[in-house]
Amino acid sequence: MINKEYILKIDGSMFDLFHSELLVNSKEINTLLNKNNFLLTNDIDTIVILFQSIEGAARIIGFKPVEKLIVILLKLIKNIEGIDIQTDLYEKLSWILLESNNILIGIAKKNREEIADEINALVEMIDQQVDKVQEIIELSIDINDSLPKEENPTTQKSTSQEYSDTSMIDLFLIEVENNCRVLEDNLIEAEVNNSKEFIEPLMRAAHSIKGAARIVGLDIAVNLAHSMEEILEKAMNGEFILEVTSIDELLKSTDIFKQLINMQAEHVSLWFLDQEEEIKSICENLDNILVGKVVITDKIKTNKAIKKNKQKDVKDIGKTETKTEIIEETAYVRVLSENLNKLLGLAGESLVEARTLRPLIYPLQKIRNSYLGLESLSEELFHSIQNSIVSDDIKKTITKLVGDIENLKVSLQGYSENFEKYSRRLEFLTEKMHTEVLASRMVPFSEGLLGFKRMVRDISKTLNKKIDFEILGSNTKIDRDILEKLESPLMHIIRNALSHGIEAQEDRKKNKKDDIGSLILKAEHKAGMLHISISDDGNGIDIEKLRLAVVEKGYVSKKMAKKMIDSELIDFLFLPGFSTASEVSEISGRGVGLDVVHSMISKVSGIVHVETVKGKGTTFFLQLPLTLSVVRALLVDINGEPYAIPLSKIDHIIELNNEELLSAEDHQYFVFNNENIGLVSASQVLEIDRISEFEFPVKTIIISDRMNKFGFVVDKIFGERELVIRPLDKRLGKIQNINAVAIMENSLPVIILDVDDLVRSIDNIISGTSLSQIRKSVSVAVTARKKILVVDDSLTVREVERRLLENAGYEVVVAIDGMEGWNMVQKRPFNLIISDIDMPRMNGIQFVTMVKGDTKYKDIPIIIISYKDREEDRIRGLNAGANHYLTKSSFHDKNFINTVRDLIGEA
């Protein structure tokens, strides 16, 4: 039975993985559902896979209500395959899928304690939603697809006719989005700043929403915005003081409008009708507060006194940033990210093509110089014939020739100069166009922080802590794609700081600290990169406690742990499931969730590191590229071909002489900053045959990940370049060690290397060589653990399988889909493969078929584990070549591990 106690008993790290997967997948589903005619594209297949991943994760941790909802949604989708998009049923289907997914998003945005406290209400809401879905399923069974299309248009229009057309509602949604941004953050500050100047922008935001709602005829929205406006107007005029209760109700009102932001225009009217009771309740609460039914407590006066010294700063912010935002945002237009990317790609290509004209100037200058020599010869010839006995015809011919050469020289001179001007002008214009298109992708950092102040406020209230949360550099420009991916990592870090970093008020008093904890989020540009820091003045990380945890978990020996410096120990916090917390809570220590942070930062080619002082606080530093469309890279030569390595992924660039190269156990290494670093040729990693010997000193690029550092030897270093990224065709899948391509100024392509992949490849090369030698020794070979490859797109399922197998003594390697799994199979030997079926890029059936179809790997045993338990699915998996077919329920008993042992024996 699902209740509060059940939720709190779920393993903390497993719940965090489920929570993260639910948030990422539900957001992606929301994006796909908001596309037009998604049923007619491959998007519906992707939606099904994403729903299935959430269902599998929910089933693993036993979150039955979510599992129940998705099962019936999948049944609905299957029932309406091939539906006519002109029918009323398609409209209902779109709406019910969006509504259901919004429930999932709502759950994903709550923390663990909130879910536990509201579990009864959530279960009831999901049950009601299941009933709604069931009604549409029954309707879909009875629907007559052969009805003429003329009978349906009136049905479609009836629900929205009174609310004007969808184009006007689109404008209303833009107005709501712009003003919600003002309300969300500044309502938090209004608790400590009731000045007229600060509250006026809030009142105007509510007024703007009311006016926009009135234009499109959304009376329910008008009433809600009017109630907000009234209370804010009285507060602005000094007739009312905003305090915790009134701020809470105003935030609830803002939440209502925020839910519209990602909604399609045609769904807005129906949604408001569905929310009518809740909106009426909020309006009544606001009216009651206004007439004095809620008493203002002394707590607010205390808060105001505490913040008195900061009133001026907050007041200034209210005058400048907030008002400016309202004016400037109204000029924004919405453009599909995909179209913007295409436009940027074309602008980049235009710039490259324009730069190719520059080298053509030099041949023209060379031709012009040749003509100068020709002119000199013709003049000599002309003078020599004057004193010679030649016919008049020859003289005339030579005279004409000299004149023609002179005219040609003048023409060539003019043409060369005009071409040079044209080339420079074209390059200037294309460069300017590229810069402007690139700038259109850039948005203020504050756009990705909508709701952060609210989150800090809510968590602080729950934990009974006082937090001073500051955001610095809110206007710093950042690529919108990077900003979207930053939301989850920043939330992880901030929640950790609030929950475990900043102490309770009693503890802060004992440590002679201010009652109010400090949390600062800062963004700035440095050296062509985006730098973000999150600093708190809390306890800091206990390094000695961390050292003990590293030893206890078996990562290193006690002797090795003693030699490790602080930064090396802190790197362990980014490993999956690593935590130093003694109690399980929503975030059970600074380790849980940090693996997700590192993964997401790496996806945007960024790096993260931590600095901490015990008793003083902790700071997380994120270094990211300004944009994903352009990369600053080091251009190198590897065996005669150019390659690019992103500068953000390079630790150092050095040159090594022959005497600096050392050897141990057939492996070369060198010493840098008192650290032994392995050395590998770039040609070997990329599997390229050498055409020449290395010239000393060898050019070496030091690259690393959290746990490994290597020297990557190249032939030449050309220098730094700014390259426009051209993503690889998705049909190619993930190519080992390669991230993307770019076109250089000479129109030649250059491969951009994937440094994270390179580090893993180098580690595999070194490990593989070592293992081949170990196998010669019988005494060591018998102790080698058996390797198992786990392939599943669900982070939760992968983690469960990894833990079960490692606890049984096996060595586990994971892959996120069939494509990555196939790459790994070709790189290293495995004793067993465990695969899911439904995965993006390459599904499990295709993966199994490829493995079994290759003579090198056909003898590797394969287990398929899927959420599907139908007989036809089992037969399909076994026919592809799998040795066993299990359902994911087998994780809860010994069937899973017993099957593994039956196939390959003990670890």
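I began with how helix 30 crosses helix 34: helix 30 passes it in a right-handed crossing (the near helix is turned clockwise from the far one by less than a right angle; anticlockwise would be left-handed). Helices here are DSSP runs of H or I, at least four residues, and strands are runs of E, at least two, numbered from the N terminus.

This is a predicted model, so I kept in mind that local features need pLDDT of at least 70 and side-chain atom pairs count only at pLDDT 80 or more, while totals for chains, interfaces and linings use all residues. Residues are numbered from 1 along each chain as its sequence is written, and side-chain values use heavy atoms, with hydrogens and water left out.

Next I looked up the packing. Helix 30 (residues 795–807) and helix 34 (residues 895–904) pack at about 60°, axes 11 Å apart. Axes are lines fitted to C-alpha atoms, for helices over the stretch in contact, and angles run from 0 to 180 degrees between N-to-C directions. That angle makes helix 30 oblique to helix 34 (under 35 degrees is roughly parallel, over 145 roughly antiparallel, 65 to 115 roughly perpendicular, the rest oblique).

Who touches whom? I found Glu801, Leu804 and Leu805 on helix 30, and Phe896, Ile897 and Val900 on helix 34, with contact meaning heavy atoms within 4.5 Å.

Then I turned to a sheet. It is open, with six strands in the order 10-14-15-13-12-11 and mixed pairing; strands pair if DSSP finds at least two bridges between them. Strand 10 (652–656) and strand 11 (662–664) are at the edges with a single partner strand each, so one side of each lacks a neighbour in the sheet. The twist averages 40° from one strand to the next.

Last, I checked strand 13 (residues 675–681) and strand 15 (residues 709–714): they run parallel, joined by four bridges. Ser681 stands opposite Val713 in strand 15.
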